[in-house]
Amino acid sequence: MTMTQQAAPAVNTPPASGPKQTDGRTARRPLALRLLARPEVGVFLGAVAVFVFFLVAAPSLRQGSSIATVLYQASTIGIMVVPVALLMIGGEFDLSSGVAPIASALTASMTAFQLTLNVWVGVLVALAVSLAIGFFNGWLLVKTGLPSFLVTLGTFMGLQGVNLAVTKLVTGNVATDDISDMDGFDQAKAVFASSFNVGGVNVKITIIWWLVFAALASWVLLRTKYGNWIFSVGGNKDSARAVGVPVNFTKITLFMLVGFGAWFVGMHNLFQYNTVQSGEGVGNELIYIAAAVVGGCLLTGGYGTVIGPVFGAFMFGLVNQGIVFAGWNPDWFKTFLGVMLVGATLVNLWVRKQATRR
């Protein structure tokens, strides 16, 4: 008699309850560390701290007109910082960005005045010249493989000399002629250098342009294919090229965006003051780069946002005017910039380590 053995039916038993096991890759970091990993958070907190400090140290800063002055000062820096930050995220920087606005303003003024043309003709010629300077910087960079430091240092020196020499040659002076009575001046001033009233406070239109440019640039950087290209070429251009990113196109257009920013700032200077001093602008390039670095952009590229440099520009404008409102020696402004730049670099380094730590 053969006996058959039947297998006992399988019983599904639930796993034993207990604490969920995690490893270093899946562990969720504290919220504070995740927030600090954002490039703009550190400079935002710094800007708040500096703002509170000057509210206490300079009581006159509490007035609406004083805040408008601070925002105006920040906007004249911030309009240039936006494209400079994009360029730095793309792995390059532009030392000619300080004198380029002066070159643009000189071009517009002398074209209109010396040729007796509508000022809008000079504005458009200046735009073409500014974009051409940006294109030249980018083209020379990608064709020669030279570092952007050398390429734009050469452009900086060249523009500085041309600004002075051509202005003296054409006008017989170091400044351009007053164009306030020329055709089209009032319309151009309304676009580039007008102001409007808010609650009894005059607000410069450059503040609006600054915020509009920053919002548009942030959207492009975070929501478009071109923004991905910027991060890719800044992180590793060889790898980016290997996956089909148009590296040369991206770098050249980033330099041209800096040229556009220089044109806009130059037009503001021209229509704000009616004339342009040819020797101005030297040293501003360091302020633009420093504001971007303080805002979280790395000199090595591939990392950063637009919002962080916006707060960086605000902080620089705040300090520049806050020192005046507090009645201190304005020479301390550059000292503060140096200290803040080194401090922000160290903070950014620490944040990067925290962001990549598993």
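Trainee: Which helices are included in what covers the buried residues of α5?
Mentor: The model is predicted. In α5, the buried residues are V119, G122, V123, A126, L127, S130, I133, G134, N137, G138 and L141. Among the elements that cover these residues are α4, α6 (148–171), α7 (185–192) and α11.

Trainee: How far apart are the end C-alpha atoms of α5, set against the span that its residues should give?
Mentor: Helix α5 runs over residues 119–144, which makes 26 residues. At 1.5 Å a residue, the helix should span 38 Å. The computed separation of its end C-alpha atoms agrees with this, at 37 Å.

Trainee: Which elements give two or more residues to the lining of the largest cavity?
Mentor: The largest cavity holds about 60 Å³ of space. Its lining consists of D94, S96, S97, A100, S130, I133, G134, N137, F255, V258, G259 and A262. The elements that contribute two or more of these residues are α5 and α11.

Trainee: How many residues in the lining of the largest cavity are charged?
Mentor: The lining of the largest cavity includes D94, S130 and F255. By class, this lining divides into five nonpolar residues and six polar ones, and the number of charged residues is one.

Trainee: Which helices each supply at least two residues of the lining of the second largest cavity?
Mentor: The structure holds two cavities of 30 Å³ or more, and the second largest has a volume of about 30 Å³. Its lining is formed by S75, T76, I79, T206, F264, V265 and H268. Three of the lining residues are nonpolar, four are polar and none is charged. The helices that each supply at least two of them are α3 and α11.

Trainee: Which residues lie nearest the centre of the largest pocket?
Mentor: About 560 Å³ of space lies in this pocket. At least two lining residues come from each of α3 (64–89), α4 (100–114), α11 (247–273), α12 (284–294) and α14 (332–356). The lining has 22 residues in total, and those nearest the centre are Q73, T76, N269, E280 and N284.

Trainee: How many charged residues does the lining of the largest pocket have?
Mentor: E280 is one of the residues of this lining. The classes comprise ten nonpolar and ten polar residues, while the charged residues number two.

Trainee: In β2, which residue is the bridge partner of V198?
Mentor: Strand β1 (residues 195–198) pairs with β2 in the antiparallel sense, over four bridges. Within this pairing, F196 stands opposite V203. The bridge partner of V198 in β2 is V201.

Trainee: Which side chains of β2 point to the face where they are buried?
Mentor: Strand β2 covers residues 201–204, and its side chains alternate. N202 and K204 point to one face and are not buried. The buried side chains, on the other face, are those of V201 and V203.

Trainee: Which residue takes a positive phi in the hairpin of β1 and β2?
Mentor: The hairpin has two residues between the strands. A positive phi near 60 degrees occurs there, and the residue that takes it is G199.

Trainee: What percentage of the residues in the protein is buried?
Mentor: The protein has 14 helices and two strands. Among contacts between residues at least 6 apart in sequence, 78% join residues at least 24 apart. Of the 358 residues, the buried share is 46%.

How values were computed: Residues are numbered from 1 along each chain as its sequence is written. This is a predicted model: local features need pLDDT of at least 70, side-chain atom pairs count only at pLDDT 80 or more; totals for chains, interfaces and linings use all residues. Side-chain values use heavy atoms; hydrogens and water are left out. Buried means under 20% relative accessible area, exposed over 50%, partly exposed in between (1.4 Å probe, protein chains only). Two strands pair if DSSP finds at least two bridges between them. On a 1 Å grid over the protein atoms alone, a cavity is a set of points where a 1.4 Å probe fits but cannot get out, and a pocket is an open set with protein on both sides within 12 Å along at least five of seven lines; lining residues have an atom within 4 Å of a point. Grid points are joined across faces, edges and corners, and a volume is the space filled by probe spheres set on the points. Ala, Val, Leu, Ile, Met, Phe, Trp, Tyr, Cys and Pro count as nonpolar, Asp, Glu, Lys and Arg as charged, and the others, Gly among them, as polar. The expected span of a helix is 1.5 Å times one less than its number of residues. Contact means heavy atoms within 4.5 Å.
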